[in-house]
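Student: Walk me through the sheets in this one, please, strand by strand, with whatever packs on them. Take your time over the details.

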Amino acid sequence: METQEFIVQATHHSQQTIICSLADKLLRNLPIPVVFFYRESVDQKTLIDSLKKVLGDFPIFAGTLKVKGDDLLLDCNNRGVLFAIAKEEGTVDDLLGELPTIEKKRLVHTIDPKQTVASQGPLMTIKVTYFACGGMVLGICWHHSVGDMHTFMYFMEAWSKTVSQADYAMPLIVESRDGYLQENLKDNHNTTPGVRYLKLKDLLELLFYMATKARDKVSLRFYFSDAELESMRQDFIKKSGENLSKNDVLCAHVFSIISDLDDYKKPRYLARAINYRSKMNLPDNIMGNFVSSINTFVHKELEPFQLAKQLRNSINSFEQVHADFFSTKRYIEAQAGSKKIDRFVGKSIDPVKRNLLMTSWANFGIFDVAFGELKPFYFSSFGDYPFPWISSLAEGFSGNGLIYSALLPTKLAKKLVQENTLQRIHNYRDPQESLPELAEKLAWLL
């Protein structure tokens with residue numbers, strides 16, 4: 001496999017410096033790698049030329065991060081994006097068949113967040129892999145402090161529309177992200193912060209876990225068809241009397257099964273990541289990390305439909321009850337401040353207590369972003385987390401159905417793949433239903 005690497009910079013550039021938010025700081029050690037699979041390809045010149053134009057309007061992806069005192073600054077200096085082109089024999093379908101076992105660097109140049117800040121390196125990498133069959137894979141990685149998935153999808157839509165010579169929505173880039181929220185959000189006086197401070201005992205406990213148990217993990221992926229999800233949703237709606245979403249019912253369904261099969265029987269958190277722009281009446285085009293989590297402490301056995309109803313009620317009351325921008329800010333300032341930001345973690349992130357984090361990559365319009373007429377047929381996050389109890393939902397092939405991915409302890413994972421458990425997981429699936437060809441073909445998809 002031959003690979004070329006070079007820097008792509010914006011053709012037009014205006015210098016600006018952004019003061020990152022507390023959320024950006026909390027996420028500053030995380031990269032976000034993703035992959036898009038295409039049946040056909042776009043030539044490299046078209047991709048690069050359009051990227052040069054778009055980066056001028058999205059300078060946050062072409063800048064660098066630097067630390068100044070207690071501040072993390074995003075310097076929009078047109079440092080550029082690291083761009084790579086690779087060529088492979090074979091087909092994209094062949095590669096998809098072995099996707100969970102391949103080396104990550106084969107498709108994505110994953111950045112090292114700490115090294116990127118220390119060396120003032122690029123905050124985004126893009127790798128285009130062309131296949132002999134005519135298809136291509138776009139592997140993209142960006143530094144989480146730049147922005148969340150919503151921010152990234154605004155960039156992707158702009159890039160793809162530039163290829164099609166169409167207009168795109170301009171981003172809103174504010175100089176001080178926390179300053180903007182301070183001025184535009186109303187304090188709901190929630191006293192529960194979204195993070196916890198790791199005291200020495202907690203830190204030692206976590207370090208011991210990381211040294212002894214964190215690597216004992218297996219990644220599993222389950223496919224749920226639209227018909228299967230709708231059947232589940234209607235059953236849960238009938239039992240709960242609540243208008244539930246597919247995400248609500250699937251989160252509750254899989255969490256209930258995982259909790260039931262796990263040997264750990266103490267109460268635990270189910271954390272559900274949420275993009276709160278619309279919940280808090282923020283502009284849809286604002287760039288940054290405007291994400292939080294709804295942390296549901298499951299302290300007793302609940303029927304799945306009861307848990308789904310609880311999740312929906314939490315989302316509906318997010319602005320009044322669960323929004324934690326002000327409470328988190330007050331808590332961090334009271335404990336140790338930004339100078340010890342690495343000692344703060346999400347309140348529900350605790351693999352020792354086997355809390356489960358669920359992130360949704362669905363409903364971002366991934367499969368509607370087209371380079372000309374070319375749309376992806378498969379998308380996935382492509383990271384490798386340092387410990388288990390991380391999971392995600394993503395839309396399935398060409399946007400059909402949902403794929404639930406979970407990184408779990410090996411012993412528990414073995415229980416989940418047993419035939420009787422798989423029947424329980426898919427008890428809403430019609431045995432006569434014809435699934436998409438890839439859902440039937442891919443051995444790693446359960």
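Tutor: Start at Phe 37, which stands opposite Tyr 378 in strand 15. That match belongs to the antiparallel pairing of strand 3 (residues 31-38) with strand 15, which is held by 4 bridges. A quick word on terms: helices (H or I, at least four residues) and strands (E, at least two) are DSSP runs, numbered from the N terminus, and two strands pair if DSSP finds at least two bridges between them. This is a predicted model, in which local features need pLDDT of at least 70 and side-chain atom pairs count only at pLDDT 80 or more, while totals for chains, interfaces and linings use all residues. Residues are numbered from 1 along each chain as its sequence is written, and side-chain values use heavy atoms, with hydrogens and water left out.

Strands 3 and 15 sit in an open sheet of 6 strands, ordered 1-6-7-8-3-15 with mixed pairing. Strand 1 (2-8) and strand 15 (378-381) are at its edges with a single partner strand each, so one side of each has no neighbour in the sheet. From one strand to the next, the twist averages 15 degrees; axes are lines fitted to C-alpha atoms, for helices over the stretch in contact, and angles run from 0 to 180 degrees between N-to-C directions. Helix 5 (residues 149-163) lies across strand 3, strand 7 (124-131), strand 8 (136-143) and strand 15, at about 135 degrees to strand 8. Contact here is heavy atoms within 4.5 Å.

Now for the other sheet. Here 6 strands form an open sheet in the order 10-17-16-14-11-12, and the pairing is again mixed. Strand 10 (217-224) and strand 12 (291-298) are the edge strands, pairing on one side only. In this sheet the twist averages 20 degrees from one strand to the next.

Follow the order from the strand 12 side. Strand 11 (residues 268-275) pairs with strand 12 in the antiparallel sense over 8 bridges, and Ala 271 stands opposite Asn 295 in strand 12. Strand 11 is also joined to strand 14, this time parallel and by 3 bridges, with Leu 270 facing Leu 356 in strand 14. Strand 14 (residues 356-360) in turn runs parallel to strand 16, and 4 bridges join them. Leu 357 has Ile 390 as its bridge partner in strand 16, and Met 358 stands opposite Ser 391.

Strand 16 (residues 390-395) deserves a pause. It is mostly covered, with 6 of its 6 residues buried, where buried means under 20% relative accessible area, exposed over 50% and partly exposed in between (1.4 Å probe, protein chains only). In a regular strand the side chains alternate between the two faces of the sheet. Here Ile 390, Ser 392 and Ala 394 point one way, while Ser 391, Leu 393 and Glu 395 point the other way. On to strand 17 (residues 402-409): it pairs with strand 16 in the antiparallel sense over 6 bridges, and Leu 407 is the strand 17 bridge partner of Ile 390. The two strands form a hairpin with 6 residues between them, and Ser 398 in the turn has a positive phi of about 55 degrees.

Helices pack on this sheet too. Helix 8 lies across strand 10 and strand 17, running at about 85 degrees to strand 10. Helix 10 lies across strand 11 and strand 12, at about 145 degrees to strand 12. Both helices turn up again in the lining of the second largest pocket: the elements giving two or more residues are helix 8 (226-240), helix 9 (246-261) and helix 10 (304-316). The largest share of that lining, 6 residues, comes from helix 9.
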